[in-house]
Amino acid sequence: MSAVLESHDHSHDHRGPAKGWRRWVYTTNHKDIGTLYLWFSFAMFLTGGCMALVIRAELFEPGLQIVEPEFFNQMTTMHGLIMVFGAVMPAFVGLANWLIPMMIGAPDMALPRMNNLSFWILPFAFALLLSTLFMEEGAPNFGWTFYAPLSTTYAPSTVTYFIFGVHIMGVSSIMGAINIIATILNLRTPQMTMMKMPLFVWTWLITAYLLIAVMPVLAGVVTMMLMDIHFGTSFFSAAGGGDPVLFQHVFWFFGHPEVYIMILPAFGIVSQIIPTFSRKKLFGYTSMVYATSSIAFLSFIVWAHHMFTTGMPLAGELFFMYATMLIAVPTGVKVFNWVATMFRGAMTFETPMLFAVSFVVLFTIGGFSGLMLAIAPVDFQYHDTYFVVAHFHYVLVPGAIFGIFAGVYYWLPKWCGKMYDERLGKLHFWLSFVGMNLTFFPMHFVGLAGMPRRIPDYALQFADFNQIASVGAFIFGITQLLFLFIVIKTIRNGKKASAEVWDNPEGLEWTIPSPAPYHTFSTPPDVK
Amino acid sequence: MFAKAIPWIRFLAGSFLFYSVSIRADWEVNMTPGVTEVSRQVYDLHMIIFWICVAIGVVVFGIMFWSIIAHRKSLGVKPATFHESTTVEIIWTTIPFVILIGMAVPATSALIDAYDTSESEIDIKITGYQWKWHYDYLEEGVGFFSNLSTPADEIYNRVDKTDNYLLEVDEPLVVPINKKIRFLVTANDVIHSWWVPAIAVKKDAIPGFVNEAWTVIPEPGIYRGQCAELCGKDHGFMPIVVEAKTQQDYDVWLAARQEAAAKERELRDKVWTLEGLMERGEKVYATNCTACHNADGSGIPPAFPALKGSVIATGPIEGHIDVVLNGRPGTYMSAFGPQLSPVELAAVITYERNAWGNSKDDMVQPIDIANMQAAE
């Protein structure tokens with residue numbers, strides 16, 4: 001078998017990438033596709049970010065100043081959809097493409113042509129979605145959770161574009177997930193047993209299973225909407241004997257695992273970075289794997305905690321409350337393990353470590369508010385307020401986004417062979433950290449004081465904290481242009497990076513030169 | 001063009017100078033304990049869990065920051081080599097589990113108290129509409145809509161905002177104190193959510209479903225809340241005001257309400273003049289139609305068409321009545337037949353046909369509308 005593989009690989013070894021645009025359109029190389037995913041996701045991050053700034057500008061003071069409520073709702077909807085499906089998920093797939101083959105000693109992804117396809121349908125999906133902004137009836141305006149019947153009977157006609165956009169994104173995600181599972185299960189270098197895999201690989205393997213389990217559910221729910229809108233069915237219309245609450249059950253059966261899809265790979269990234277900069281092995285590798293698996297399992301049986309106010313029977317409320325509280329146990333184990341890894345290490349704080357440490361702190365704060373939200377009777381007061389907005393932004397911005405930043409700074413020298421500017425990297429971190437906390441921390445306060453989410457205008461007592469949040473949002477937003485500058489500066493004229501880059505990091509990706517050659521691990525490497 | 005840029009300039013200037021319009025500085029950072037037994041229980045639970053989280057945070061972050069300060073490479077420390085311990089893992093799995101059980105006990109009892117289904121003394125049906133609430137006192141035979149009463153001039157910053165900006169309505173929900181009230185919550189179009197923080201009731205209003213919630217309010221007062229589920233364009237503009245009164249005051253209010261309902265029936269049966277209908281119609285229009293069609297009938301095309309010079313408002317009156325009564329399925333135009341009284345319907349239709357330069361000079365009598373509705 002290995003002889004066959006080798007002769008096959010030799011024919012490719014001396015082939016570099018194609019020239020010009022063909023390189024990117026025709027590519028089946030995991031590194032090129034990873035790069036495409038990452039740039040695409042950054043473009044979407046800025047697009048969704050601009051929408052967030054429109055929202056924060058309108059909310060700077062009470063009254064309607066900049067946009068009308070109709071357009072405000074389009075902004076909240078598109079911001080959510082673009083950040084979830086356009087920024088966070090593709091960024092993780094990009095990192096998976098770049099890193100998984102290098103971490104497990106594989107020459108490429110298992111299904112390279114499908115890899116190309118799963119990326120290249122994404123720009124079409126988002127073109128479809130974004131084009132609605134320029135249509136007469138405007139973009140979808142029913143929130144990223146698109147509750148029926150607001151998103152069916154009462155939706156603008158552009159909802160159909162949204163439905164097909166989501167279908168394509170779903171197809172892309174499912175193909176990406178199949179590819180990742182096939183790669184991890186089949187292409188590991190022979191000595192790498194499952195329990196020797198780096199944690200990033202583990203968390204992505206579990207994430208990929210979550211994707212395969214729930215993306216079809218999302219496709220199902222939007223298809224039911226399509227039927228209701230165009231083909232006379234009444235899945236979600238009470239007038240026709242349907243059930244609007246059914247929508248929420250189906251949506252959140254997808255939606256809850258989805259939030260773990262957006263955080264598990266970040267757990268993996270942080271688990272790679274903290275040991276390197278603590279100069280100490282990751283504490284509790286085995287329990288980290290089991291904790292991640294438990295979180296993934298629990299994520300399937302907690303969905304209705306998003307629906308405590310829909311009028312569930314008492315027994316339902318209790319079940320979903322207990323199951324949700326239970327998630328705190330494996331999540332706590334992960335945090336304790338990270339802290340134990342840092343404990344008695346010899347730490348330095350380069351940019352990736354700064355992002356990773358703040359990930360642990362701020363994600364834990366988001367976890368605390370999550371635990372509070374799990375308590376059903378108290379959730380009656382928190383539900384659909386800015387407290388919820390603060391909660392999920394605390395797990396997604398310093399969670400998913402800081403995780404991605406940490407990963408990019410950590411592996412960028414490996415990808416392009418050059419070192420980023422450490423001073424600017426630290427500046428990017430501190431501005432993001434301050435901006436992010438200034439934006440989202442006051443949201444806890446206004447939420448508890450009674451400000452509902454998704455409103456374009458608010459009562460006077462919420463004014464002060466909203467002003468602070470808006471100022472923070474603009475600091476955070478503008479800071480991300482600095483990130484773009486740092487990356488471009490690194491690629492153009494960064495200092496040459498060594499193969500190891502960091503101080504004795506663990507993992508196969510550090511055994512190959514920097515920048516990583518176009519083809520790596522044509523023969524399976526040894527693992528100790 | 002420049003006028004459009006002014007808000008942006010004000011915003012940018014504001015964010016640097018941190019200037020503040022004349023607003024009430026509240027800096028409220030916590031949940032209200034509210035006034036009912038359930039809301040106090042919820043508040044206590046919220047505080048207990050908050051302090052547990054703070055305590056865990058202090059321990060975890062304490063150890064972490066101590067490591068960050070004491071175990072830096074720049075201090076010349078040598079890293080330890082330990083990297084696993086089953087005992088430790090078991091300990092930090094068990095302890096959180098025990099803490100969670102400690103949280104679940106009071107949470108369960110608070111939840112059971114909130115689901116107190118015992119016999120109620122007053123039943124009020126709450127119906128969410130885009131974008132207002134309807135209250136029906138089932139046994140008392142009284143029902144009315146509750147609309148936002150904040151004027152558009154305040155919303156669009158043409159005049160100063162008053163204290164209860166966006167939290168004020170034309171007709172509050174009036175309830176007696178110390179009576180067990182059952183709310184039956186439903187919706188007419190999309191999902192809304194009826195939320196009053198001071199009584200810790202938040203229940204989704206779902207078309208086709210009737211949800212129940214219960215409360216006993218011990219002290220008179222005015223309690224304000226808002227719709228909590230995104231329900232379209234004016235989701236932020238459908239507040240809730242509950243006025244709790246003593247039994248005597250409530251009885252007085254109820255009698256006045258019932259009398260007004262009788263008067264409304266009288267008005268329905270009389271023959272109106274065009275002027276009378278126009279005058280009444282202008283008010284009905286201002287409350288129910290301006291959000292979409294604008295005060296001057298110009299609408300917000302394309303979603304919300306203009307009425308000024310429109311085919312329907314200047315066409316045959318039967319078609320006009322049909323659209324107002326039954327709405328336009330598949331558009332934002334909802335059926336106002338069940339929402340307004342015959343007098344209001346006749347008045348607003350007549351108004352639309354004769355305002356803003358529309359001059360059909362025809363009208364419809366309330367009694368005709370009532371007969372039409374009875375025939376359906």
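This report walks through a predicted model with two chains, A and B, starting with chain A.

**Chain A as a whole**

Let's begin with the overall build. Chain A has 18 helices and 2 strands. Along the principal axes, its C-alpha atoms fill a box of roughly 65 × 50 × 45 Å. How does the radius of gyration of chain A sit with that of a compact globule? For 528 residues a compact globule would come out near 24 Å, and chain A has 23 Å, which agrees.

**Two domains in chain A**

The domain assignment splits chain A into domain 1 (32–255) and domain 2 (263–514). Their C-alpha centres are 19 Å apart. Where they touch, domain 1 of chain A puts in 40 residues and domain 2 of chain A puts in 42 residues.

Which elements supply the domain 1 side of that contact with two or more residues each? They are helix H3 (30–58), helix H4 (69–104), helix H8 (199–230) and helix H9 (244–261) of chain A. H4(A) gives the most, with 11 residues. Sorted by class, this side of domain 1 of chain A holds 28 nonpolar, 9 polar and 3 charged residues.

**A helix pair to look at**

H3(A) also packs with helix H5 (residues 112–120) of chain A, at an angle of about 10 degrees and with the axes 10 Å apart. Angles under 35 degrees count as roughly parallel, so H3(A) and H5(A) are roughly parallel to each other. From H3(A), the contact uses His30(A), Ile33(A), Leu36(A) and Tyr37(A), while H5(A) brings Asn115(A), Asn116(A) and Phe119(A). That makes 4 nonpolar residues, 3 polar and no charged ones.

**Where the chains meet**

Now for the partner chain. The contact between the chains involves 85 residues of chain A and 85 residues of chain B. On the chain A side, helix H13 (residues 328–342) gives the most, with 8 residues. The class split of that side is 53 nonpolar, 19 polar and 13 charged residues.

Here are the class counts for three of the contact surfaces, side by side.

| Contact surface | Nonpolar | Polar | Charged |
|---|---|---|---|
| Side of chain A that touches chain B | 53 residues | 19 residues | 13 residues |
| Side of domain 1 of chain A that touches domain 2 of chain A | 28 residues | 9 residues | 3 residues |
| Side of domain 2 of chain B that touches domain 3 of chain B | 3 residues | 2 residues | 2 residues |

**Chain B: domains and a sheet**

In chain B, the assignment gives domain 1 (37–72 + 83–114), domain 2 (122–156 + 166–257) and domain 3 (270–375). The C-alpha centres of domain 2 of chain B and domain 3 of chain B are 26 Å apart. Their contact takes 7 residues from domain 2 of chain B and 4 residues from domain 3 of chain B.

Chain B also has an open sheet of 5 strands, in the order E4-E10-E9-E6-E7 with mixed pairing. Which strands stand at the edges of this sheet? Strand E4 (173–176) and strand E7 (201–205) of chain B do, each with a single partner strand, so one side of each has no neighbour in the sheet. From one strand to the next, the twist averages 25 degrees.

E4(B) pairs with strand E10 (residues 239–245) of chain B in the parallel sense, over 4 bridges. Pro176(B) has Lys245(B) as its bridge partner in E10(B). Helix H5 (residues 247–269) of chain B packs on the sheet and touches E4 and E10 of chain B. The direction of this helix makes about 135 degrees with that of E4(B).

Note on methods. Residues numbered from 1 in each chain as written. Chains lettered and ligands numbered in written order. Predicted model: local features only at pLDDT ≥ 70, side-chain atom pairs only at ≥ 80, totals over all residues. Nonpolar A, V, L, I, M, F, W, Y, C, P; charged D, E, K, R; others polar. Domains from an automatic or database assignment. Axes fitted to C-alpha atoms, helices over the stretch in contact; angles between N-to-C directions. Parallel < 35°, antiparallel > 145°, perpendicular 65-115°, else oblique. Pairing = 2+ DSSP bridges. Rg over C-alpha atoms; globule rule 2.2 N^0.38 Å.
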